[in-house]
Amino acid sequence: MKFNGTMKFLSLSLLGLVWNFNLQAQTYQLNKNATSVLVEGTSNIHDWHIEAESCSGTITLETDEGKIDDIEKLQFSVEAESLKSGKSGMDKNTYKALNTGDHKNIVFRMDKVNSMKETAAGTYLVKASGKLEIAGVKRDTELQFTLKTASDRVELQGSKDIDMTAYQIEPPSAMFGTITTGKMVTVKFKTIFRK
C-alpha cells in the first residue's frame, strides 16, 4: 500500500516536472526607437496631440510549445518631459500640469492578465489590469491591447481613454485661460519589445 502511494507521488511529480519543462519564460526589452506613444486631446479651439520621445519597459512571456501561456510581467514607463507637441508653450503647460519637477515618469505596471485569446497565429487579444501612475497618483486601471509575436520581438498595440482629473491633474490652459483643454485624453500606443 505504501509502495503504491509512493509510486503515485513519484509519477505525479514527474508529470509536473515535464509540464514545467515545456513552459519557457522569455524577457524582452522595449525598443524605444521603434515605439510610438501618442496622447490626443481636445480644447475649445482645436484638437491637439503630444508624442513621447523617451520610453522604457520590459515584458516577460511564458510560452508553451511556441504559444503564449501567460504574461508574467509587463512594465512600461514614459519620461514625462519627453512629451513633445512641437510647441514650447504647450509643452511647458503640460509639464506644469504633470508636476514633472517632482514626478519624472508616467508608469504602468501590470498586476494580472484578466483574459487572453489567440485571434490568429501569433496574435492575441489581451485584457489586463494594473497600476497606472501619473503625476505621483496611482490608480487601478484596465488595459486592452493586441499582442503580436515574432521570432525576436513582441508588439503591443492599443489605446486607452484617461480622465486627467482622476489623477488630480488640472487640464492645461493657455492665454490666461482663454484656451482650455478637455479633461479626457486618449493614449494610443504601439510598443515594440526585443530580446
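Biologist: In this predicted model, where is confidence lowest, and where is it highest?

Modeller: Helix α1, residues 2-22, is lowest, with a mean pLDDT of 49. Strand β8, residues 123-134, is highest, at 98. Over residues 14-21 the pLDDT is below 50. Beyond near neighbours in sequence, that stretch has zero contacts in the model. The protein as a whole averages 87.

Biologist: What makes β8 largely enclosed by the rest of the structure?

Modeller: Nine of its twelve residues are buried, so the strand is largely enclosed.

Biologist: Which strands are joined to β8 by bridges?

Modeller: Strand β7, residues 105-120, is joined to β8 by eleven bridges. Two bridges are enough to call strands paired, so β7 and β8 qualify. Strand β9, residues 137-149, is joined to β8 by twelve bridges. Both pairings run antiparallel. Ser115 stands opposite Lys127 in β8, and Leu132 stands opposite Arg139 in β9.

Biologist: What lies between the strands of each hairpin?

Modeller: Two residues separate β7 from β8, and Gly122 in that turn has a positive phi of about 75 degrees. Two residues also separate β8 from β9, where Ala135 has a positive phi of about 55 degrees.

Biologist: Glu133 is in β8. Why is Glu133 said to have no salt bridge?

Modeller: The nearest side chain of opposite charge, Arg109, is 4.2 Å away. A salt bridge needs a distance within 4 Å, so this pair does not count. Glu133 is buried all the same.

Biologist: How do you know that Glu133 touches Arg109?

Modeller: Contact means heavy atoms within 4.5 Å, and 4.2 Å meets that, so the two touch. Glu133 also touches Asn105, Ile106, Val107 and Lys138.

Definitions and conventions:
Residues are numbered from 1 along each chain as its sequence is written. This is a predicted model: local features need pLDDT of at least 70, side-chain atom pairs count only at pLDDT 80 or more; totals for chains, interfaces and linings use all residues. Side-chain values use heavy atoms; hydrogens and water are left out. pLDDT is the predictor's confidence in each residue, from 0 to 100. Helices (H or I, at least four residues) and strands (E, at least two) are DSSP runs, numbered from the N terminus. Buried means under 20% relative accessible area, exposed over 50%, partly exposed in between (1.4 Å probe, protein chains only). Lys and Arg count as positive and Asp and Glu as negative; His and the chain ends are not counted. Lists of a residue's contacts leave out its neighbours within four places in sequence.
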